[in-house]
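Subject: Handing over a structure, with notes

Dear colleague,

I am passing on the structure below, and I would be glad if you kept it open beside these notes while you read.

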Amino acid sequence: MKQMIKGLNWLSTLMELKVNSEKSAGVCVACLHPNAINGLCDACQRDLPVNHWSCKACALPLPWAANNHLCGQCLTDPPPFSRAVIPWRYQFPVDSMIGRYKYNRQRKFARPLIAGLGQNLETQLAAGHLPRPDLLIPSPMHPQRRRSRGFNQAQEIAEELGSRLAVPVASGLIRRTRKARSQRELNRDERLKNLHGLFQLQGEVPMQVAIVDDVVTTGATARTLAGLLARHGARDIQIWALARTPG
């Protein structure tokens, strides 16, 4: 881990020269080790906080060894989606990697996480542990925020997963009707209120869909989007994301 921290401290000066030039560069984005697969060397890959024990519905990290349990929230208020596939906890270094991708457009940091999620999904789909969705739906972003950021990270993640898994992506199926307050500073109840009436459906919904995002925090956005899709005909709704914040 010390090696990884040292590498991350160097990123602002070395990454542009070392690893941002070519997508195929075999240099680790964290420690600059010359042998990396999808952007991470073996040591830094092992340092990622895997979401081993989590709620079987929303993937909330649990503090005990459990793979078939529901968290308290999903027990008392079952979500409108069937399951969430989220391989990592939103902790260092995953939070730093996603932040550099999301806010600084440094896509090299997202590449190993997206590849890992894709491999996870590929394995589960091949084994029959997950139903294959008919459509991937990226979490929508308000046009003003997208112009400011330059891209919608959820759409990029969905497109990469869709290409790998041969599942079509519908980026415009749901749109935001207005600009809302940033969800980052709100608690769960405030987030749900902030999201009320925020999304509008723009077309027909297939029976099986997966909502794609980068991070699931309280699950408020996932619940709101899934509820909208369920009211318009979706019968199996999954949530696919890179990371889940601990409770």
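A crossing of two helices is called right-handed if the near helix is turned clockwise from the far one by less than a right angle, and left-handed if the turn is anticlockwise. Please bear in mind throughout that this is a predicted model.

**Two helices that meet**

With that term in hand, the crossing of α5 and α7 can be described as right-handed. Two packed helices are described by the angle between their axes and the distance between the axes. Here the axes of helix α5 (residues 111–126) and helix α7 (residues 153–165) come within 10 Å and cross at roughly 40°, which makes α5 oblique to α7. On the α5 side the contact is formed by I114, A115, L117, G118, Q119, L121, E122 and L125, and these meet I157, E160, L161, R164 and L165 in α7. Sorted by class, this contact of α5 with α7 holds eight nonpolar, two polar and three charged residues.

**The strands**

Strand β7 (residues 236–244) is a good place to begin, and its nine residues are buried, nine of nine, so the strand is largely enclosed by the rest of the structure. Strand β6 joins β7 through eight bridges, and these two strands run parallel; along this pairing the partner of A210 in β7 is Q238, while the partner of V215 in β7 is A243. β6 is itself mostly covered, with eight of its nine residues buried.

Two further strands pair with β7. Strand β1 (residues 83–85) runs parallel to β7 and is joined to it by three bridges, with I239 of β7 as the bridge partner of A84. Strand β2 (residues 88–89) also runs parallel to β7, joined by two bridges, and there R89 has R244 as its bridge partner.

Strand β6 (residues 208–216) is in turn joined by four bridges to β3, again in a parallel arrangement, and the bridge partner of P138 in β6 is V212. Within strand β3 (residues 135–138), L135 and I137 point one way and L136 and P138 the other way, yet all of them are buried.

**Backbone features around α4 and elsewhere**

Most residues other than glycine have a negative phi, and most peptide bonds are trans, and the following places depart from that pattern. The peptide bond from F92 to P93 is cis, with omega near 0°, and P93 is found in the loop between β2 and α4. In helix α4 (residues 94–104) itself, the buried residues are V94, M97, I98, G99, R100, Y101 and K102.

Just after α4 comes R105, a residue other than glycine whose phi is nevertheless positive, near 60°. R105 has its place in the loop between α4 and α5. Is R105 buried, exposed or partly exposed? Its relative accessibility is 43%, and R105 therefore counts as partly exposed, given that this class lies between the 20% and 50% limits.

A59 also has a positive phi, of about 65°, although it is not a glycine, and it lies in the loop between α2 (42–46) and α3 (72–76). With a relative accessible area of 1%, A59 is buried, since buried means under 20%.

With kind regards

Note on methods:
Residues are numbered from 1 along each chain as its sequence is written. This is a predicted model: local features need pLDDT of at least 70, side-chain atom pairs count only at pLDDT 80 or more; totals for chains, interfaces and linings use all residues. Side-chain values use heavy atoms; hydrogens and water are left out. Buried means under 20% relative accessible area, exposed over 50%, partly exposed in between (1.4 Å probe, protein chains only). Two strands pair if DSSP finds at least two bridges between them. Axes are lines fitted to C-alpha atoms, for helices over the stretch in contact, and angles run from 0 to 180 degrees between N-to-C directions. Angles under 35 degrees count as roughly parallel, over 145 as roughly antiparallel, 65 to 115 as roughly perpendicular and the rest as oblique. Contact means heavy atoms within 4.5 Å. Ala, Val, Leu, Ile, Met, Phe, Trp, Tyr, Cys and Pro count as nonpolar, Asp, Glu, Lys and Arg as charged, and the others, Gly among them, as polar.
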